[in-house]
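Grab a viewer and work through the exercises below, each with its solution. Try every task yourself before reading on.

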Protein chains: 2
Amino acid sequence: MLNSEPMDTNLPLATAVRAHYLFAGLPDADFETLARQMAAVQLDKGDILFHSGDPCTHFYFVDTGLIELSLISPTGEKKTLEVVGAGRTFAEAIAFMREHRYPVTAEALQATTLCRIPVTPYVDTLHGNPDASMRLLADISRHLRARVREIENLTIQNARSRLISYLLDHIDDSTGHDEATVRLTMPRHVIASRLSVKPETLSRLLRSLTDEGLISIEDRLIFIHRLSDLRLYD
Amino acid sequence: MLNSEPMDTNLPLATAVRAHYLFAGLPDADFETLARQMAAVQLDKGDILFHSGDPCTHFYFVDTGLIELSLISPTGEKKTLEVVGAGRTFAEAIAFMREHRYPVTAEALQATTLCRIPVTPYVDTLHGNPDASMRLLADISRHLRARVREIENLTIQNARSRLISYLLDHIDDSTGHDEATVRLTMPRHVIASRLSVKPETLSRLLRSLTDEGLISIEDRLIFIHRLSDLRLYD
DNA sequence: GCATCACCTTGACCTGGATCAAGGGCCTGC
DNA sequence: GCAGGCCCTTGATCCAGGTCAAGGTGATGC
């Protein structure tokens, strides 16, 4: 279950947070003050860190594990917005939101270690640190850009194109030739939700790409035979 | 056609920009410097101010008129993201984007007067103005929030619910009782695109709400008979 | 060894919204 | 006045993707 404890600023976790670009620009003194107010949080798979609509006072840094950020309808349907892995922060954009409530739900997809950072002290340090403010501006702008892209995908691409874009965006090993591999790090139903389709549809789409000879699949590993061909459909 | 000229800082346009919250926090001297680099822009209906993908160096303040921000697919399909009216800015979030290209296309829906503001000098003034930085952070966060809402609408609501939300969000005259009116300020096909449906579908949806007695329509004016009833479907 | 459960696939069928086609109302220019 | 454009509505039909139902596979526990 969910469990948190004050953080020792000498722990490796503190060092990892320090290195994150949202904190890298801060003077030591400011960071120390902040760090004393951070806490480590442990989550098991399936634990919910916060629900959409909960009052929000902290944002988070992922040390290990995976956090799924999703929207959930009154009828229980879920849309995965993003999956955040080690070394990244999430929910930092809440700092300046009118309604102080999380707009999304955060759930651990596996056992996860987080660093919880209180927003108010962080915002306070921004006042004296133009550089840090610029970094946060860049960060939030990047999120905004990503959301605009998502809307673009949802409205002017179909499910097949979204899957292809997803594959092309998640290549982990490109041999440099016209082929590549993608390792699926999340359960397929999470990927389906990220792509805004049902798992059945994802399964059928992967099937049809396979049948057309564009990819082949071995468990969680997907081989893209000809990147150039795949991109034609993007 | 598109036409621009350097701006006299004594013009009413400069006063209007000065009053906008992104500038209200700036010291006079900083604003003066900025204002000297601004220019007024006139657009006719249908003029395109910039296309998605164009290099971006300016953002804009709308003095009069309406600007449609949209995404356009290679096959020419258009999705309206937002329509910006008098007194508001747009494209300010480009300031911190990696790729210095507009992510959307901006088109005048009617004759429009804008003030064009160069990004770089604006960002420069932010360094010395923590308050202005905070305002921009709040502004971009609000945009981000709006996009997340849009994704929520697109994925977990259907077209009918989106229309109902739209109506409820655009009430201009609420008598205080359980009824209200909505004036459609844009052509229906633009509203359709904002809702991510085809004009035919919007027409049919309005028809069915009318048939169910929830609303009645008189040209560009929609009467909501019982707000409470309409909200049940939201 | 086998029950259970999570995860995934496959098939048959359904449906919301798109597409295609036609027509009506109302401007604007000649 | 009327020709040519929007802009919008309505009807008929289509289809991408959802829903429902039935397995299959593999991991975990007893």
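What follows is a set of short exercises on this structure, from one chain up to the DNA surfaces.

This is a predicted model, where local features need pLDDT of at least 70, side-chain atom pairs count only at pLDDT 80 or more, and totals for chains, interfaces and linings use all residues. Residues are numbered from 1 along each chain as its sequence is written, while chains are lettered from A and ligands numbered from 1 in the order in which they are written.

**Exercise 1. Size up chain A and its confidence.**

Step 1: Start with the elements, taken as DSSP runs numbered from the N terminus (helices are H or I, at least four residues; strands are E, at least two). Chain A has nine helices and 13 strands.

Step 2: Draw a box along the principal axes; the C-alpha atoms of chain A fill roughly 60 × 45 × 30 Å.

Step 3: Check pLDDT, the predictor's confidence in each residue, from 0 to 100. The average for chain A is 92, and 94% of the residues score at least 70. Among the elements of chain A, strand 7 (residues 89-90) has the highest mean, 98, and strand 1 (residues 3-6) the lowest, 61.

**Exercise 2. Find the heart of the nonpolar core.**

Step 1: Call a residue buried if 20 or more other C-beta atoms lie within 10 Å of its own, exposed if 12 or fewer, and partly exposed in between, with C-beta atoms placed from the backbone. Of the 234 residues of chain A, 32% are buried.

Step 2: Join up the core (buried Ala, Val, Leu, Ile, Met, Phe, Trp, Tyr and Cys residues linked through C-beta atoms within 7 Å). The largest one has 84 residues, and Tyr60(A) and Tyr60(B) have the most contacts inside it.

Step 3: List the partners of Tyr60(B), where contact is C-beta atoms, placed from the backbone, within 7 Å. Leaving out residues up to four places away in sequence, Tyr60(B) touches Thr89(B), Phe90(B), Ala91(B), Leu114(B), Cys115(B), Arg116(B) and Ile117(B).

**Exercise 3. Work out how the two chains are related and where they meet.**

Step 1: Superpose the copies by least squares on the C-alpha atoms of residues with pLDDT of at least 70 in both. Chain A lands on chain B after a rotation of 180° with 0.0 Å of shift along the axis, RMSD 0.0 Å. That's the relation of a two-fold axis.

Step 2: Look along the axis: of the residues of chain A, Leu144(A) comes closest, with its C-alpha at 2.5 Å.

Step 3: Count the contact, which takes 29 residues from chain A and 29 from chain B. On the chain A side, helix 5 gives the largest share, 18 residues. By class (Ala, Val, Leu, Ile, Met, Phe, Trp, Tyr, Cys and Pro nonpolar; Asp, Glu, Lys and Arg charged; the others, Gly among them, polar), that side has 16 nonpolar, seven polar and six charged residues.

Step 4: Compare the two sides. The copies meet through the same surface, because 100% of the interface residues of chain A are also interface residues in chain B.

**Exercise 4. Map the surfaces near the DNA strands.**

Step 1: Count a residue as near a strand if its C-beta atom, placed from the backbone, lies within 6 Å of it. Around DNA strand C there are 16 residues, the nearest being Arg188(A), Ser203(A), Asn158(B), Ala159(B) and Thr201(B). Helix 8 of chain A gives the most to this surface, six residues.

Step 2: Repeat for DNA strand D. Again 16 residues surround it, with Asn158(A), Ala159(A), Thr201(A), Arg188(B) and Ser203(B) closest. Here helix 8 of chain B supplies the largest share, six residues.

Step 3: Sort by class. The surface near DNA strand D has five nonpolar, four polar and seven charged residues.

Definitions and conventions
Contact = placed C-beta atoms within 7 Å.
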